[in-house]
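User: Please take a close look at the empty space inside this protein, and describe what lines it.

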Amino acid sequence: MIRSESEMRRLTKKILANAETEIVEYKEAKRKFGLDDLGKYFSALSNEANLRSAECGWLFFGITDNRQVCGTSYRQEQGPHSAGLQKLKHEISQKTNGGMTFEEIYEYQLDGHRVVAFQIPAGTFATPTTWQGVPWSRENESLVQMPKFKLEAIYGQSRPDWSRQIAYEAGLSDLDDEAVDFAYRKFVDKFAETQPAIASLSRDDLLGKMGLTIHGRVTNSALVLLGKPESVVFLGGIEPRITWTLYSSRGDTVAYEHFEPPFILQVDKVLGKIRNEKYRFFDKDTTLFPTEARRYTPEVIRELLHNAIAHQDYRLSGKINVLEYEEKLVFKNEGSFIPGSIEQAIQSGYKPPYYRNPLLANAMSKTGMIDQNAIGIRNVFDIQRARLLPMPTYDLSSPDRVSVTIYGEVLNEKYTQLLAAEPDLDLGAVFLLDMVQKGQPISKEQAKALRDRGLVEGRYPKLLISSKVAAVIGSHEEYVRAKGLETDVCKELIVKLLGTRPCSRAEIIAAIDHALPEGMTKEQKAKHVSYLLQELRKEGKARASAATSRGKWELQG
(Lines give C-alpha, C1' and ligand atoms only; values in the text may rest on other atoms or scores of the structure.)
Protein backbone atom coordinates (compact mmCIF):
# COMPACT_ATOMS: atom_id res chain seq x y z
CA MET A 1 0.00 0.00 0.00
CA ILE A 2 1.50 3.32 -1.11
CA ARG A 3 1.47 5.87 1.68
CA SER A 4 1.80 9.65 1.36
CA GLU A 5 4.71 11.50 2.97
CA SER A 6 2.45 12.74 5.75
CA GLU A 7 1.28 9.18 6.46
CA MET A 8 4.86 7.94 6.53
CA ARG A 9 5.91 10.72 8.92
CA ARG A 10 3.10 9.78 11.32
CA LEU A 11 3.90 6.07 11.04
CA THR A 12 7.63 6.64 11.60
CA LYS A 13 7.03 8.72 14.73
CA LYS A 14 4.70 6.03 16.03
CA ILE A 15 7.35 3.35 15.44
CA LEU A 16 10.05 5.50 17.06
CA ALA A 17 7.89 5.79 20.17
CA ASN A 18 7.30 2.02 20.32
CA ALA A 19 9.58 -0.13 22.46
CA GLU A 20 9.46 -3.06 20.02
CA THR A 21 12.85 -3.41 18.32
CA GLU A 22 13.17 -6.94 16.91
CA ILE A 23 11.21 -6.12 13.76
CA VAL A 24 12.64 -2.60 13.38
CA GLU A 25 16.21 -1.53 12.60
CA TYR A 26 17.71 1.98 12.36
CA LYS A 27 20.83 2.86 10.41
CA GLU A 28 22.53 6.19 9.77
CA ALA A 29 23.65 5.11 6.26
CA LYS A 30 24.84 8.65 5.62
CA ARG A 31 26.03 7.91 2.09
CA LYS A 32 26.55 4.19 1.44
CA PHE A 33 25.32 0.84 2.68
CA GLY A 34 26.51 -2.49 1.27
CA LEU A 35 24.00 -4.61 -0.67
CA ASP A 36 25.12 -7.74 1.16
CA ASP A 37 24.44 -6.14 4.55
CA LEU A 38 21.10 -4.86 3.28
CA GLY A 39 20.18 -8.39 2.18
CA LYS A 40 21.07 -9.83 5.58
CA TYR A 41 18.87 -7.27 7.33
CA PHE A 42 16.07 -8.08 4.88
CA SER A 43 16.33 -11.76 5.83
CA ALA A 44 16.57 -11.07 9.58
CA LEU A 45 13.67 -8.63 9.79
CA SER A 46 11.48 -10.81 7.56
CA ASN A 47 12.15 -13.80 9.82
CA GLU A 48 11.53 -11.85 13.01
CA ALA A 49 8.24 -10.58 11.61
CA ASN A 50 7.28 -14.16 10.80
CA LEU A 51 8.11 -15.39 14.31
CA ARG A 52 6.11 -12.57 15.90
CA SER A 53 3.13 -12.86 13.53
CA ALA A 54 3.74 -9.27 12.45
CA GLU A 55 2.60 -7.96 9.09
CA CYS A 56 6.06 -6.68 8.18
CA GLY A 57 9.39 -5.42 9.44
CA TRP A 58 10.97 -1.99 8.94
CA LEU A 59 14.49 -0.80 8.16
CA PHE A 60 15.09 2.96 8.35
CA PHE A 61 18.04 4.81 6.83
CA GLY A 62 18.77 8.28 8.19
CA ILE A 63 17.96 7.47 11.84
CA THR A 64 20.59 6.59 14.43
CA ASP A 65 20.57 3.63 16.83
CA ASN A 66 19.30 5.91 19.61
CA ARG A 67 16.42 6.98 17.34
CA GLN A 68 17.68 10.43 16.40
CA VAL A 69 16.81 11.63 12.89
CA CYS A 70 20.06 12.50 11.10
CA GLY A 71 19.21 12.15 7.40
CA THR A 72 20.77 10.06 4.62
CA SER A 73 21.96 10.59 1.06
CA TYR A 74 21.87 6.87 0.26
CA ARG A 75 21.08 6.50 -3.49
CA GLN A 76 19.78 10.05 -3.56
CA GLU A 77 18.94 11.45 -6.98
CA GLN A 78 17.27 14.54 -8.41
CA GLY A 79 13.49 14.53 -8.30
CA PRO A 80 10.92 13.34 -5.80
CA HIS A 81 11.67 9.61 -6.26
CA SER A 82 15.13 8.09 -6.70
CA ALA A 83 15.11 5.42 -9.42
CA GLY A 84 18.16 3.78 -7.82
CA LEU A 85 16.12 3.00 -4.73
CA GLN A 86 13.45 1.20 -6.71
CA LYS A 87 16.10 -0.91 -8.48
CA LEU A 88 16.87 -2.38 -5.08
CA LYS A 89 13.68 -4.42 -5.30
CA HIS A 90 15.10 -6.37 -8.22
CA GLU A 91 18.61 -6.58 -6.74
CA ILE A 92 17.32 -8.05 -3.49
CA SER A 93 14.97 -10.51 -5.21
CA GLN A 94 17.92 -12.07 -7.06
CA LYS A 95 19.44 -13.51 -3.88
CA THR A 96 16.46 -14.31 -1.65
CA ASN A 97 14.47 -17.52 -1.67
CA GLY A 98 11.30 -17.32 -3.70
CA GLY A 99 12.34 -13.96 -5.15
CA MET A 100 11.13 -12.10 -2.04
CA THR A 101 11.77 -8.38 -1.97
CA PHE A 102 10.60 -5.15 -0.31
CA GLU A 103 6.88 -4.50 -0.20
CA GLU A 104 7.71 -0.84 -0.71
CA ILE A 105 10.56 1.66 -0.36
CA TYR A 106 9.61 5.13 0.90
CA GLU A 107 11.64 8.33 0.56
CA TYR A 108 10.43 11.37 2.55
CA GLN A 109 11.37 14.29 4.79
CA LEU A 110 11.23 13.92 8.59
CA ASP A 111 12.18 16.83 10.86
CA GLY A 112 13.90 18.50 7.91
CA HIS A 113 16.00 15.43 7.02
CA ARG A 114 15.73 12.85 4.22
CA VAL A 115 14.73 9.40 5.48
CA VAL A 116 14.45 6.15 3.52
CA ALA A 117 12.13 3.44 4.90
CA PHE A 118 12.17 -0.16 3.69
CA GLN A 119 8.99 -2.13 4.30
CA ILE A 120 9.98 -5.81 4.57
CA PRO A 121 7.34 -8.57 4.27
CA ALA A 122 7.09 -11.26 6.93
CA GLY A 123 8.54 -14.59 5.89
CA THR A 124 6.23 -17.07 4.21
CA PHE A 125 4.51 -19.78 6.19
CA ALA A 126 6.89 -22.35 7.74
CA THR A 127 9.77 -21.10 5.55
CA PRO A 128 12.73 -19.00 6.74
CA THR A 129 13.64 -16.05 4.53
CA THR A 130 17.21 -16.51 3.28
CA TRP A 131 19.83 -14.23 1.77
CA GLN A 132 22.17 -16.13 -0.56
CA GLY A 133 20.84 -19.36 0.95
CA VAL A 134 21.43 -18.38 4.59
CA PRO A 135 18.64 -17.41 7.05
CA TRP A 136 19.47 -14.46 9.34
CA SER A 137 17.91 -13.15 12.55
CA ARG A 138 18.26 -10.46 15.23
CA GLU A 139 19.89 -11.17 18.58
CA ASN A 140 19.53 -8.02 20.67
CA GLU A 141 21.50 -5.44 18.67
CA SER A 142 23.40 -8.03 16.63
CA LEU A 143 22.74 -9.64 13.27
CA VAL A 144 23.46 -13.41 13.32
CA GLN A 145 22.79 -16.52 11.29
CA MET A 146 19.50 -17.87 12.55
CA PRO A 147 20.02 -20.20 15.54
CA LYS A 148 18.55 -23.68 15.59
CA PHE A 149 15.71 -22.92 18.02
CA LYS A 150 14.36 -20.16 15.77
CA LEU A 151 14.67 -22.32 12.66
CA GLU A 152 12.75 -25.09 14.40
CA ALA A 153 10.09 -22.60 15.46
CA ILE A 154 9.54 -21.57 11.83
CA TYR A 155 9.75 -25.08 10.37
CA GLY A 156 7.42 -26.31 13.11
CA GLN A 157 4.63 -23.93 12.18
CA SER A 158 1.61 -26.14 11.63
CA ARG A 159 0.96 -26.63 7.93
CA PRO A 160 -2.00 -28.53 6.49
CA ASP A 161 -1.15 -31.54 4.33
CA TRP A 162 -3.47 -31.34 1.33
CA SER A 163 -2.31 -34.76 0.15
CA ARG A 164 -3.50 -36.35 3.43
CA GLN A 165 -7.03 -34.99 3.26
CA ILE A 166 -9.81 -37.56 2.81
CA ALA A 167 -11.76 -37.42 -0.45
CA TYR A 168 -15.00 -38.38 1.28
CA GLU A 169 -17.05 -38.84 -1.88
CA ALA A 170 -14.50 -41.23 -3.42
CA GLY A 171 -14.21 -44.97 -2.84
CA LEU A 172 -11.81 -47.77 -3.69
CA SER A 173 -13.71 -48.36 -6.93
CA ASP A 174 -12.53 -44.93 -8.10
CA LEU A 175 -8.92 -46.18 -8.22
CA ASP A 176 -7.45 -47.54 -11.45
CA ASP A 177 -6.84 -51.30 -11.20
CA GLU A 178 -3.75 -51.23 -13.41
CA ALA A 179 -2.25 -48.38 -11.34
CA VAL A 180 -2.94 -50.22 -8.08
CA ASP A 181 -1.33 -53.39 -9.46
CA PHE A 182 1.70 -51.41 -10.60
CA ALA A 183 2.05 -49.77 -7.17
CA TYR A 184 1.75 -53.19 -5.55
CA ARG A 185 4.61 -54.62 -7.62
CA LYS A 186 6.87 -51.64 -6.97
CA PHE A 187 6.12 -51.73 -3.24
CA VAL A 188 6.82 -55.46 -2.99
CA ASP A 189 10.01 -55.19 -5.06
CA LYS A 190 11.35 -52.55 -2.66
CA PHE A 191 10.49 -54.16 0.67
CA ALA A 192 9.92 -57.92 0.15
CA GLU A 193 13.53 -58.86 0.85
CA THR A 194 13.55 -57.28 4.32
CA GLN A 195 9.83 -57.74 5.03
CA PRO A 196 8.70 -61.03 3.36
CA ALA A 197 5.16 -60.77 4.75
CA ILE A 198 4.51 -57.81 2.45
CA ALA A 199 4.06 -60.16 -0.52
CA SER A 200 0.91 -61.56 1.10
CA LEU A 201 -0.82 -58.18 1.61
CA SER A 202 -4.26 -57.74 0.15
CA ARG A 203 -5.13 -54.80 -2.07
CA ASP A 204 -6.77 -52.94 0.79
CA ASP A 205 -3.88 -53.69 3.17
CA LEU A 206 -1.40 -52.46 0.60
CA LEU A 207 -3.13 -49.11 0.19
CA GLY A 208 -3.24 -48.65 3.95
CA LYS A 209 0.41 -49.68 4.35
CA MET A 210 1.42 -47.09 1.78
CA GLY A 211 -0.70 -44.46 3.55
CA LEU A 212 -2.89 -43.86 0.50
CA THR A 213 -5.97 -44.82 2.49
CA ILE A 214 -6.71 -43.89 6.09
CA HIS A 215 -9.10 -46.22 7.91
CA GLY A 216 -10.15 -47.47 4.50
CA ARG A 217 -10.99 -43.97 3.19
CA VAL A 218 -9.38 -42.71 -0.02
CA THR A 219 -7.00 -39.73 0.32
CA ASN A 220 -6.21 -36.99 -2.18
CA SER A 221 -2.81 -38.68 -2.67
CA ALA A 222 -4.51 -41.91 -3.73
CA LEU A 223 -6.51 -40.07 -6.39
CA VAL A 224 -3.42 -38.25 -7.71
CA LEU A 225 -1.26 -41.37 -7.93
CA LEU A 226 -3.78 -44.15 -8.56
CA GLY A 227 -7.15 -42.52 -9.35
CA LYS A 228 -9.08 -43.01 -12.55
CA PRO A 229 -9.05 -39.89 -14.77
CA GLU A 230 -12.66 -39.12 -13.92
CA SER A 231 -11.96 -39.39 -10.18
CA VAL A 232 -10.50 -35.86 -10.06
CA VAL A 233 -14.09 -34.66 -9.63
CA PHE A 234 -13.70 -35.65 -5.97
CA LEU A 235 -10.81 -33.21 -5.41
CA GLY A 236 -12.98 -30.16 -4.89
CA GLY A 237 -12.29 -28.32 -8.14
CA ILE A 238 -8.58 -29.21 -8.27
CA GLU A 239 -7.65 -31.01 -11.50
CA PRO A 240 -4.12 -32.49 -11.42
CA ARG A 241 -2.65 -32.60 -14.92
CA ILE A 242 0.66 -32.98 -16.74
CA THR A 243 0.84 -31.21 -20.10
CA TRP A 244 3.53 -31.95 -22.70
CA THR A 245 4.02 -29.32 -25.41
CA LEU A 246 6.35 -29.53 -28.41
CA TYR A 247 7.68 -26.30 -29.96
CA SER A 248 9.29 -25.68 -33.33
CA SER A 249 12.58 -23.83 -33.80
CA ARG A 250 10.52 -20.66 -34.29
CA GLY A 251 8.68 -21.13 -30.99
CA ASP A 252 5.40 -22.25 -32.56
CA THR A 253 3.36 -25.00 -30.89
CA VAL A 254 3.71 -28.19 -32.97
CA ALA A 255 1.86 -30.65 -30.73
CA TYR A 256 0.63 -31.10 -27.18
CA GLU A 257 -1.05 -33.70 -24.98
CA HIS A 258 -2.60 -33.72 -21.52
CA PHE A 259 -2.04 -36.54 -19.01
CA GLU A 260 -4.53 -37.03 -16.18
CA PRO A 261 -4.21 -39.31 -13.12
CA PRO A 262 -3.20 -41.98 -12.34
CA PHE A 263 0.17 -40.22 -12.34
CA ILE A 264 2.04 -43.39 -11.36
CA LEU A 265 1.41 -44.66 -14.91
CA GLN A 266 1.71 -41.38 -16.78
CA VAL A 267 5.38 -40.50 -16.35
CA ASP A 268 6.57 -43.15 -18.80
CA LYS A 269 3.89 -42.03 -21.27
CA VAL A 270 5.20 -38.46 -21.09
CA LEU A 271 8.72 -39.83 -21.52
CA GLY A 272 7.59 -41.64 -24.66
CA LYS A 273 6.44 -38.33 -26.18
CA ILE A 274 9.81 -36.65 -25.88
CA ARG A 275 12.02 -36.82 -28.96
CA ASN A 276 15.33 -38.15 -27.74
CA GLU A 277 17.49 -37.76 -30.80
CA LYS A 278 21.21 -38.37 -30.88
CA TYR A 279 23.71 -35.54 -30.57
CA ARG A 280 27.49 -35.38 -30.87
CA PHE A 281 29.87 -34.20 -28.18
CA PHE A 282 33.54 -34.44 -27.23
CA ASP A 283 33.76 -36.73 -24.20
CA LYS A 284 37.50 -37.44 -24.26
CA ASP A 285 40.48 -35.17 -23.82
CA THR A 286 42.54 -37.30 -26.21
CA THR A 287 40.59 -36.88 -29.42
CA LEU A 288 39.08 -34.26 -31.66
CA PHE A 289 36.37 -36.64 -32.82
CA PRO A 290 32.87 -36.56 -31.33
CA THR A 291 30.91 -39.30 -29.63
CA GLU A 292 27.22 -39.90 -30.31
CA ALA A 293 24.70 -40.12 -27.46
CA ARG A 294 21.04 -39.51 -26.73
CA ARG A 295 20.16 -35.97 -25.70
CA TYR A 296 18.51 -36.97 -22.43
CA THR A 297 18.67 -39.92 -20.08
CA PRO A 298 15.28 -41.34 -19.03
CA GLU A 299 16.47 -41.18 -15.41
CA VAL A 300 16.75 -37.38 -15.53
CA ILE A 301 13.30 -36.95 -17.06
CA ARG A 302 11.70 -39.33 -14.55
CA GLU A 303 13.49 -37.69 -11.62
CA LEU A 304 12.29 -34.21 -12.53
CA LEU A 305 8.73 -35.32 -13.28
CA HIS A 306 8.49 -37.32 -10.05
CA ASN A 307 9.81 -34.32 -8.09
CA ALA A 308 7.23 -32.09 -9.76
CA ILE A 309 4.42 -34.48 -8.82
CA ALA A 310 5.61 -34.77 -5.21
CA HIS A 311 6.17 -31.04 -4.66
CA GLN A 312 3.36 -29.51 -6.74
CA ASP A 313 1.16 -27.17 -4.72
CA TYR A 314 -2.13 -28.65 -5.91
CA ARG A 315 -4.10 -26.02 -4.00
CA LEU A 316 -3.02 -23.46 -6.63
CA SER A 317 -5.01 -25.42 -9.25
CA GLY A 318 -2.13 -25.27 -11.73
CA LYS A 319 -0.64 -28.03 -13.83
CA ILE A 320 2.78 -29.56 -14.36
CA ASN A 321 4.21 -28.48 -17.72
CA VAL A 322 6.84 -30.26 -19.81
CA LEU A 323 7.96 -27.95 -22.62
CA GLU A 324 10.06 -29.54 -25.35
CA TYR A 325 12.26 -27.37 -27.56
CA GLU A 326 14.84 -28.42 -30.14
CA GLU A 327 17.78 -28.23 -27.73
CA LYS A 328 16.24 -28.35 -24.25
CA LEU A 329 13.42 -29.48 -21.98
CA VAL A 330 11.71 -27.19 -19.48
CA PHE A 331 9.78 -28.55 -16.48
CA LYS A 332 7.43 -26.24 -14.56
CA ASN A 333 5.40 -26.91 -11.45
CA GLU A 334 3.43 -24.75 -9.04
CA GLY A 335 4.72 -24.03 -5.53
CA SER A 336 7.75 -22.33 -3.99
CA PHE A 337 11.18 -23.99 -4.06
CA ILE A 338 11.51 -25.48 -0.58
CA PRO A 339 15.34 -25.51 -0.32
CA GLY A 340 15.38 -21.77 -1.02
CA SER A 341 18.32 -21.86 -3.43
CA ILE A 342 19.72 -24.44 -5.79
CA GLU A 343 23.19 -23.99 -4.27
CA GLN A 344 21.82 -25.24 -0.97
CA ALA A 345 19.91 -28.11 -2.57
CA ILE A 346 23.03 -29.62 -4.17
CA GLN A 347 25.18 -29.40 -1.07
CA SER A 348 26.39 -32.77 0.16
CA GLY A 349 24.22 -34.00 3.02
CA TYR A 350 21.40 -31.51 2.46
CA LYS A 351 18.02 -32.52 3.90
CA PRO A 352 14.81 -30.61 3.11
CA PRO A 353 13.23 -29.01 6.17
CA TYR A 354 9.81 -30.38 5.21
CA TYR A 355 7.73 -31.79 2.35
CA ARG A 356 4.83 -29.86 0.88
CA ASN A 357 2.80 -33.06 0.48
CA PRO A 358 4.19 -35.39 3.18
CA LEU A 359 1.77 -38.28 2.65
CA LEU A 360 2.11 -38.15 -1.14
CA ALA A 361 5.91 -37.94 -0.92
CA ASN A 362 5.98 -40.88 1.49
CA ALA A 363 3.81 -43.02 -0.80
CA MET A 364 5.98 -42.15 -3.82
CA SER A 365 9.07 -43.07 -1.84
CA LYS A 366 7.58 -46.47 -0.99
CA THR A 367 7.10 -47.19 -4.69
CA GLY A 368 10.60 -45.99 -5.59
CA MET A 369 9.41 -42.89 -7.46
CA ILE A 370 11.41 -40.44 -5.33
CA ASP A 371 14.23 -40.57 -2.83
CA GLN A 372 13.39 -38.98 0.50
CA ASN A 373 17.08 -38.79 1.37
CA ALA A 374 17.21 -35.51 -0.58
CA ILE A 375 19.61 -36.68 -3.30
CA GLY A 376 17.22 -36.44 -6.26
CA ILE A 377 18.22 -32.95 -7.43
CA ARG A 378 21.91 -33.63 -6.89
CA ASN A 379 21.53 -36.87 -8.83
CA VAL A 380 20.26 -34.93 -11.85
CA PHE A 381 23.27 -32.61 -11.62
CA ASP A 382 25.64 -35.58 -11.37
CA ILE A 383 24.11 -37.25 -14.43
CA GLN A 384 24.42 -34.11 -16.55
CA ARG A 385 27.96 -33.62 -15.34
CA ALA A 386 28.94 -37.21 -16.21
CA ARG A 387 27.55 -36.67 -19.71
CA LEU A 388 29.55 -33.41 -20.01
CA LEU A 389 26.35 -31.44 -20.60
CA PRO A 390 25.30 -28.13 -19.03
CA MET A 391 23.94 -28.22 -15.50
CA PRO A 392 20.18 -27.85 -14.99
CA THR A 393 19.10 -24.20 -14.80
CA TYR A 394 16.61 -23.38 -12.05
CA ASP A 395 14.47 -20.29 -12.52
CA LEU A 396 13.07 -19.30 -9.12
CA SER A 397 12.08 -15.75 -10.07
CA SER A 398 8.41 -16.51 -9.46
CA PRO A 399 7.76 -17.10 -5.74
CA ASP A 400 5.10 -19.74 -6.44
CA ARG A 401 6.60 -21.60 -9.39
CA VAL A 402 9.71 -23.68 -10.07
CA SER A 403 11.08 -23.90 -13.60
CA VAL A 404 13.93 -26.28 -14.48
CA THR A 405 15.71 -26.34 -17.85
CA ILE A 406 17.65 -29.40 -19.00
CA TYR A 407 19.91 -28.93 -22.02
CA GLY A 408 20.28 -31.76 -24.53
CA GLU A 409 23.36 -30.43 -26.27
CA VAL A 410 26.66 -28.71 -25.62
CA LEU A 411 26.49 -24.93 -25.17
CA ASN A 412 30.23 -24.28 -24.99
CA GLU A 413 32.83 -26.83 -26.09
CA LYS A 414 35.40 -25.39 -23.65
CA TYR A 415 33.11 -26.29 -20.74
CA THR A 416 32.72 -29.84 -22.07
CA GLN A 417 36.47 -30.22 -22.57
CA LEU A 418 37.20 -28.92 -19.08
CA LEU A 419 34.88 -31.51 -17.56
CA ALA A 420 36.39 -34.27 -19.70
CA ALA A 421 39.94 -33.29 -18.77
CA GLU A 422 39.20 -32.68 -15.08
CA PRO A 423 36.90 -35.56 -14.00
CA ASP A 424 37.65 -34.98 -10.32
CA LEU A 425 36.29 -31.43 -10.19
CA ASP A 426 33.92 -30.99 -7.25
CA LEU A 427 30.30 -30.27 -8.09
CA GLY A 428 30.56 -26.74 -6.64
CA ALA A 429 33.28 -25.84 -9.16
CA VAL A 430 31.33 -27.44 -12.01
CA PHE A 431 28.26 -25.43 -11.00
CA LEU A 432 30.26 -22.17 -11.18
CA LEU A 433 31.81 -23.11 -14.54
CA ASP A 434 28.32 -23.77 -15.83
CA MET A 435 27.23 -20.29 -14.70
CA VAL A 436 30.21 -18.81 -16.56
CA GLN A 437 29.37 -20.63 -19.81
CA LYS A 438 25.77 -19.39 -19.56
CA GLY A 439 26.89 -15.80 -18.95
CA GLN A 440 25.41 -15.71 -15.44
CA PRO A 441 27.18 -13.50 -12.86
CA ILE A 442 29.35 -14.98 -10.14
CA SER A 443 30.99 -13.19 -7.21
CA LYS A 444 34.57 -11.87 -7.24
CA GLU A 445 35.53 -14.50 -4.69
CA GLN A 446 34.09 -17.29 -6.81
CA ALA A 447 35.83 -15.97 -9.94
CA LYS A 448 39.15 -15.79 -8.08
CA ALA A 449 38.77 -19.38 -6.88
CA LEU A 450 38.24 -20.56 -10.47
CA ARG A 451 41.19 -18.47 -11.74
CA ASP A 452 43.45 -19.88 -9.04
CA ARG A 453 42.61 -23.39 -10.29
CA GLY A 454 43.35 -22.44 -13.90
CA LEU A 455 39.77 -22.92 -15.05
CA VAL A 456 38.91 -19.37 -16.14
CA GLU A 457 40.75 -16.21 -17.08
CA GLY A 458 40.08 -12.50 -17.08
CA ARG A 459 38.36 -10.02 -14.79
CA TYR A 460 35.07 -11.05 -16.36
CA PRO A 461 35.62 -14.83 -16.27
CA LYS A 462 35.96 -16.73 -19.51
CA LEU A 463 36.46 -20.48 -19.75
CA LEU A 464 39.95 -21.69 -20.61
CA ILE A 465 40.90 -24.44 -23.03
CA SER A 466 41.95 -27.42 -20.90
CA SER A 467 45.75 -27.71 -20.74
CA LYS A 468 45.34 -31.48 -21.15
CA VAL A 469 43.39 -31.07 -24.37
CA ALA A 470 45.94 -28.58 -25.69
CA ALA A 471 48.80 -30.96 -24.85
CA VAL A 472 47.23 -33.83 -26.80
CA ILE A 473 47.14 -31.87 -30.03
CA GLY A 474 50.39 -30.01 -29.51
CA SER A 475 49.34 -26.50 -28.53
CA HIS A 476 46.44 -24.15 -28.02
CA GLU A 477 47.13 -22.53 -31.39
CA GLU A 478 47.11 -25.89 -33.19
CA TYR A 479 43.86 -26.79 -31.50
CA VAL A 480 42.24 -23.58 -32.69
CA ARG A 481 43.59 -24.15 -36.19
CA ALA A 482 42.39 -27.75 -36.33
CA LYS A 483 38.93 -26.96 -35.07
CA GLY A 484 38.66 -23.96 -37.35
CA LEU A 485 39.61 -26.11 -40.31
CA GLU A 486 37.06 -28.73 -39.34
CA THR A 487 34.20 -26.29 -39.02
CA ASP A 488 34.52 -23.04 -40.93
CA VAL A 489 36.69 -24.18 -43.86
CA CYS A 490 35.05 -27.55 -44.36
CA LYS A 491 31.55 -26.10 -44.12
CA GLU A 492 32.49 -23.45 -46.70
CA LEU A 493 33.79 -26.16 -49.04
CA ILE A 494 30.57 -28.15 -48.65
CA VAL A 495 28.43 -25.09 -49.43
CA LYS A 496 30.49 -24.40 -52.58
CA LEU A 497 30.19 -28.03 -53.66
CA LEU A 498 26.41 -28.12 -53.16
CA GLY A 499 26.18 -24.91 -55.14
CA THR A 500 27.21 -26.90 -58.21
CA ARG A 501 24.93 -29.95 -57.75
CA PRO A 502 23.17 -32.09 -55.12
CA CYS A 503 25.57 -34.63 -53.60
CA SER A 504 25.38 -37.74 -51.48
CA ARG A 505 27.29 -37.90 -48.21
CA ALA A 506 29.88 -40.18 -49.78
CA GLU A 507 30.45 -37.70 -52.61
CA ILE A 508 30.89 -34.87 -50.10
CA ILE A 509 33.44 -36.87 -48.09
CA ALA A 510 35.45 -37.59 -51.23
CA ALA A 511 35.34 -33.97 -52.36
CA ILE A 512 36.61 -32.42 -49.10
CA ASP A 513 38.90 -35.27 -48.04
CA HIS A 514 41.98 -33.11 -48.58
CA ALA A 515 40.73 -30.57 -46.03
CA LEU A 516 40.00 -33.00 -43.19
CA PRO A 517 42.65 -33.38 -40.44
CA GLU A 518 45.21 -36.07 -41.13
CA GLY A 519 44.91 -39.44 -39.44
CA MET A 520 41.13 -39.75 -39.64
CA THR A 521 39.73 -43.20 -40.26
CA LYS A 522 36.97 -43.77 -42.79
CA GLU A 523 34.42 -44.01 -39.99
CA GLN A 524 35.66 -40.79 -38.35
CA LYS A 525 35.43 -38.93 -41.65
CA ALA A 526 31.84 -40.11 -42.08
CA LYS A 527 30.96 -38.95 -38.56
CA HIS A 528 32.55 -35.55 -39.07
CA VAL A 529 30.93 -34.85 -42.39
CA SER A 530 27.58 -35.97 -40.98
CA TYR A 531 28.10 -33.56 -38.07
CA LEU A 532 28.96 -30.69 -40.43
CA LEU A 533 25.92 -31.37 -42.60
CA GLN A 534 23.64 -31.29 -39.57
CA GLU A 535 25.20 -27.98 -38.55
CA LEU A 536 24.51 -26.56 -42.02
CA ARG A 537 20.94 -27.88 -41.80
CA LYS A 538 20.41 -26.09 -38.47
CA GLU A 539 21.83 -22.90 -39.99
CA GLY A 540 19.30 -23.16 -42.83
CA LYS A 541 22.00 -23.56 -45.49
CA ALA A 542 21.52 -27.20 -46.57
CA ARG A 543 18.90 -29.91 -46.53
CA ALA A 544 18.69 -33.64 -47.33
CA SER A 545 16.28 -35.23 -49.77
CA ALA A 546 16.06 -38.34 -47.55
CA ALA A 547 17.07 -39.37 -44.05
CA THR A 548 19.29 -42.25 -45.25
CA SER A 549 22.99 -42.07 -46.09
CA ARG A 550 22.10 -42.42 -49.79
CA GLY A 551 19.96 -39.29 -49.73
CA LYS A 552 21.17 -36.28 -51.70
CA TRP A 553 22.14 -33.02 -49.97
CA GLU A 554 21.41 -29.68 -51.61
CA LEU A 555 21.49 -25.98 -50.78
CA GLN A 556 18.42 -24.75 -48.96
CA GLY A 557 16.49 -21.80 -50.29
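Analyst: What follows covers the largest pocket, then the cavities, and ends with a pair of packed helices.

This is a predicted model, in which local features need pLDDT of at least 70 and side-chain atom pairs count only at pLDDT 80 or more, while totals for chains, interfaces and linings use all residues. Residues are numbered from 1 along each chain as its sequence is written, and side-chain values use heavy atoms, with hydrogens and water left out.

The search runs on a 1 Å grid over the protein atoms alone, where a pocket is an open set of points with protein on both sides within 12 Å along at least five of seven lines, a cavity is a set of points where a 1.4 Å probe fits but cannot get out, and lining residues have an atom within 4 Å of a point. Grid points are joined across faces, edges and corners, and a volume is the space filled by probe spheres set on the points.

The largest pocket holds about 1,300 Å³ of space, and among the 37 residues that line this pocket, Gln94, Lys95, Glu343, Met435 and Pro441 lie nearest its centre. Two or more lining residues come from each of helix H3 (83-93), helix H10 (342-345), strand S16 (393-395), helix H14 (427-437) and helix H15 (444-452), helices being DSSP runs of H or I with at least four residues and strands runs of E with at least two, numbered from the N terminus. H14 provides the largest share of the pocket lining, four residues. By class, the pocket lining has 11 nonpolar, 19 polar and seven charged residues, where Ala, Val, Leu, Ile, Met, Phe, Trp, Tyr, Cys and Pro count as nonpolar, Asp, Glu, Lys and Arg as charged, and the others, Gly among them, as polar.

Turning to enclosed space, the structure has two cavities of 30 Å³ or more, and the volume of the largest cavity is about 420 Å³. This cavity is lined by 27 residues, of which Asn307, His311, Phe337, Pro339 and Ile377 are the closest to its centre. Helix H9 (298-311), strand S15 (328-334), helix H12 (376-386) and strand S17 (401-407) each give two or more residues to the cavity lining, with H9 giving the most, five residues. The lining of the largest cavity divides into 18 nonpolar, six polar and three charged residues.

As for the packed helices, Arg505, Ile508, Ile509 and Ile512 of H18 meet Lys525, Ala526, Val529, Ser530 and Leu533 of H19, contact meaning heavy atoms within 4.5 Å. Six nonpolar, one polar and two charged residues make up this contact of H18 with H19.
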